[in-house]
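Biologist: I am new to this structure and would like a close look at a single part of it. Please take the last helix and what lies around it, and explain each step.

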Amino acid sequence: MWNFLILDSHRLESLVKSPEHIAFTTIIFVLIAVVALKAANIIRKKKKIEEKFVPSGSSAIAFACSTSIWLTTKNMVGFTLSLILALLVVLGRYDKNERTIGEIIFGSICGIVITTLIYGLTFIY
């Protein structure tokens, strides 16, 4: 009766390798990385070392989602639409003068690199 709650190795492996689970995990890791980099920058400002830019969280998540769509579906139309949406998010942040170009590019690269690393590590094992 309660055997659906038991996680055997096959169910656990299929859960870990499911694209939805990997995408959700990737977004959580990107959020953690962006918050950690922003916290490190706040600590640096208090010590008055030097002003450095922080990654844009919105651009990191937008490009992480876009990269995740590309790596999961391999569909060029879906990837193109997600890339357009990611670029619209980035341009919206830049047009409001909330972020500089360097912060946006740094956030985008963080999102792409973290997503690629997580997908690469997941599919290796």
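Modeller: A residue counts as exposed when its relative accessible area is over 50%, as buried when that area is under 20%, and as partly exposed in between. Leu117 has a relative accessible area of 53%, so it is exposed. Please keep in mind that this is a predicted model.

Leu117 sits in helix 5, which spans residues 101-124. The protein chain has five helices and zero strands, so that its elements, read from the N terminus, run α-α-α-α-α. Of its 125 residues, 28% are buried. The chain exposes about 8,600 Å², and carbon and sulfur atoms supply 72% of that area.

The exposed side comes first. Leu117 belongs to a nonpolar patch on the surface, together with Tyr94, Ile101, Ile105, Ile109 and Val113. The accessible area of these residues together is about 540 Å². Helix 5 gives the most to the patch, with five residues. Helix 4 covers residues 76-95. Leu91 is found in helix 4, and with a relative accessible area of 46% it is partly exposed, because that value falls between 20% and 50%. The C-alpha atom of Leu91 is 9.3 Å from that of Ser59, although 32 residues separate the two along the chain.

Now the buried side. The largest nonpolar core contains nine residues, and Ile114, Ile118 and Tyr119 are among them. The others listed for this core are Ile22, Ala23, Val30, Val34, Ala60 and Ala64. Helix 2, helix 3 (57-73) and helix 5 each give two or more residues to this core. The largest share, four residues, comes from helix 2. Another core lies apart from it, with five residues that include Ala62, Phe63, Val90 and Ile104.

Tyr119 shows how this core residue is surrounded. Leaving aside neighbours within four places in sequence, Tyr119 is in contact with Pro19, Ile22, Ala23 and Thr26, and also with Ser68, Leu71 and Thr72. Ile22 and Ala23 are members of the largest core as well.

Thr26 can be followed from the other end of that contact. Thr26 is found in helix 2, residues 19-46. Its relative accessibility is 0%, which is under 20%, so Thr26 counts as buried. Beyond its neighbours within four places in sequence, Thr26 is in contact with Thr115, Ile118 and Tyr119. Leu117 and Thr26 are 91 residues apart in sequence, yet their C-alpha atoms are 9.2 Å apart in space. Leu117 is exposed with 53% relative accessible area, whereas Thr26 is buried at 0%.

Such pairs from distant parts of the sequence fit the count for the whole chain. Among contacts with a separation of 6 or more, 69% are between residues 24 or more positions apart.

One more point concerns the cysteines. A disulfide is a covalent bond between the sulfur atoms of two cysteines. A search of the whole structure finds zero disulfides. Cys110 has a relative accessibility of 14%, so it counts as buried. Cys65, at 28%, is partly exposed.

To sum up, helix 5 gives five residues to the nonpolar patch, and helix 5 is also one of the elements that give two or more residues to the largest core.

Definitions and conventions: Residues numbered from 1 in each chain as written. Predicted model: local features only at pLDDT ≥ 70, side-chain atom pairs only at ≥ 80, totals over all residues. Heavy atoms only, no water. Buried < 20%, exposed > 50% of the residue type's maximum accessible area, 1.4 Å probe, protein only. Contact = heavy atoms within 4.5 Å. Areas by Shrake-Rupley, 256 points an atom, 1.4 Å probe, with all protein chains shown as cover. Disulfide = S-S within 2.5 Å. Core = buried A, V, L, I, M, F, W, Y, C linked by side-chain atoms within 4.5 Å. Patch = residues over 30% accessible without salt bridge, like charges linked within 9 Å, V, L, I, M, F, W, Y side chains within 5 Å. Salt bridge = Lys/Arg side-chain N within 4 Å of Asp/Glu carboxyl O.
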